[in-house]
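Student: I have a model open and want to test the labels people put on it. Can we go through them one at a time?

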Amino acid sequence: MNDITPELFRKASGNWTTGVSVVTTSDVDGKPYGLTMNAVTSLSLNPPLFLICVDNRSDTLEPIRRSGVFCINVLAAAQQNVSNAFAKKGDDKFGGVSYERGVTGAPLLTGRLMAVECHVTAYHEAGDHKIFVGEVKNIDVDPDETAQPLLYYRGRYAALAP
Ligand SMILES: Cc1cc2nc3c(=O)[nH]c(=O)nc-3n(C[C@H](O)[C@H](O)[C@H](O)COP(=O)(O)O)c2cc1C
């Protein structure tokens, strides 16, 4: 066994190559919230479930809890700037992006590869994060077969090999 330091844990997490998503919600007063996430997983086919893992310090956590809805906006390769904008704190994140409201009311970002809208069905405490399980209510996939995802590996953005 080795000593699981924060540095080693971060290194291990960085070697888990992922896509990048912006998870959005619409608070009970309709105000949009969102954050960049890679702790996003498809979970179950029957019923259709996804899960997301949100840091306890996130300002988007309580709006998701209150509204009971979230939308996973899977980003396209060209959306690094969107990822960076939603990986910061602030009240003005939606000022620089265009979006439409989905069936849940959550924002669907323009230019996304895919949007998965969910109703929260379960909520778990897990260390310094909370796990939200959501039942899928609507899926919208970019029909362009050549569309490319934004990837994240070892703390940097990456692209699929040509
Ligand atoms: C590639 C990438 C992936 C991230 N994944 C997560 C994640 O899965 N869960 C999380 O809580 N924060 C994640 N973050 C950090 C949040 O985006 C960041 O803390 C953000 O400022 C939170 O915003 P909020 O407090 O307005 O919700 C990630 C950041 C980046 C750049």
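**Reading the labels**

Tutor: Start with one bridge: Cys 53 stands opposite Ile 131 in S10. The model is a predicted one.

Student: What makes S5 and S10 a pair?

Tutor: Two strands pair if there are at least two bridges between them. S5 and S10 (residues 129-141) have 7 bridges, in the antiparallel sense. That satisfies the cut-off, so they pair. Leu 51 opposite Val 133 in S10 is a further facing couple.

Student: How do you know that S4 and S5 pair?

Tutor: The same cut-off of at least two bridges applies. S4 (residues 40-44) is joined to S5 by 4 bridges, so the two strands pair. They run antiparallel. Thr 41 stands opposite Leu 51 in S5. A hairpin of 4 residues links S4 to S5.

Student: What makes one face of S5 covered and the other uncovered?

Tutor: The burial cut-off is 20 or more other C-beta atoms within 10 Å. The covered face of S5 holds Phe 50, Ile 52 and Val 54. The uncovered face holds Leu 49, Leu 51, Cys 53 and Asp 55.

Student: Where does S5 meet the ligand shell?

Tutor: S5 (49-55) supplies at least two residues of that shell, and so does S3 (32-37). The shell has 16 residues. The closest are Leu 35, Ala 39, Asp 55, Ser 58 and Thr 60.

Student: What makes those residues part of the shell?

Tutor: The test is a C-beta atom within 6 Å of the molecule. For the ligand, 16 residues surround it. By kind, the shell divides into 8 nonpolar, 4 polar and 4 charged residues.

Student: Why is S6 called largely enclosed?

Tutor: Count the buried residues. In S6, 6 of the 6 are buried, so the rest of the structure largely encloses the strand. Both faces are covered. Val 69, Cys 71 and Asn 73 lie on one side, and Phe 70, Ile 72 and Val 74 on the other.

Student: How many residues of S3 are buried?

Tutor: In S3, 5 of 6 residues are buried, and the strand is mostly covered.

Student: Which strands does S6 pair with, and how do you know?

Tutor: Again, at least two bridges are needed. S2 and S6 have 4 bridges, so they pair, in the antiparallel sense. Val 23 stands opposite Ile 72 in S6. S6 and S9 have 6 bridges, so they pair too, also antiparallel. The bridge partner of Phe 70 in S9 is Cys 118.

Student: What makes S2 and S3 a hairpin pair?

Tutor: S2 (residues 21-26) and S3 share 6 bridges in the antiparallel sense. That meets the cut-off of at least two, so they pair. Val 22 has Thr 36 in S3 as its bridge partner. The hairpin has 5 residues between the strands. There, Gly 30 takes a positive phi near 90°.

Student: Why are S3 and S4 called edge strands?

Tutor: Take the sheet order first. 7 strands form an open sheet, S3-S2-S6-S9-S10-S5-S4, with antiparallel pairing. S3 and S4 each have a single partner strand, so one side of each is left without a neighbour in the sheet. Neighbouring strands here are turned by 35° against each other on average, direction ignored.

Student: Which strands make up the other sheet, the one with S11?

Tutor: It is an open sheet of 3 strands in the order S1-S11-S12, paired antiparallel. S1 (18-19) and S12 (156-158) each have a single partner strand, so they stand at the edges, with one side of each lacking a neighbour in the sheet. S1 and S11 (residues 151-153) have 2 bridges. The cut-off is at least two, so they pair. Thr 18 stands opposite Tyr 152 in S11.

Student: What makes a set of residues a nonpolar core?

Tutor: Its members must be buried, of the listed nonpolar types, and joined through C-beta atoms within 7 Å. The largest such core has 28 residues. Val 23, Ile 52, Phe 70, Cys 71, Ile 72 and Leu 75 touch the most other members. The largest share, 5 residues, comes from S6.

Student: Which residues does Ile 72 touch?

Tutor: Leaving out residues up to four places away in sequence, Ile 72 touches Ser 21, Val 23, Val 40, Phe 50, Ile 52 and Val 116.

How values were computed
Residues numbered from 1 in each chain as written. Predicted model: local features only at pLDDT ≥ 70, side-chain atom pairs only at ≥ 80, totals over all residues. Nonpolar A, V, L, I, M, F, W, Y, C, P; charged D, E, K, R; others polar. Buried ≥ 20, exposed ≤ 12 C-beta atoms within 10 Å, placed from the backbone. Contact = placed C-beta atoms within 7 Å. Axes fitted to C-alpha atoms, helices over the stretch in contact; angles between N-to-C directions.
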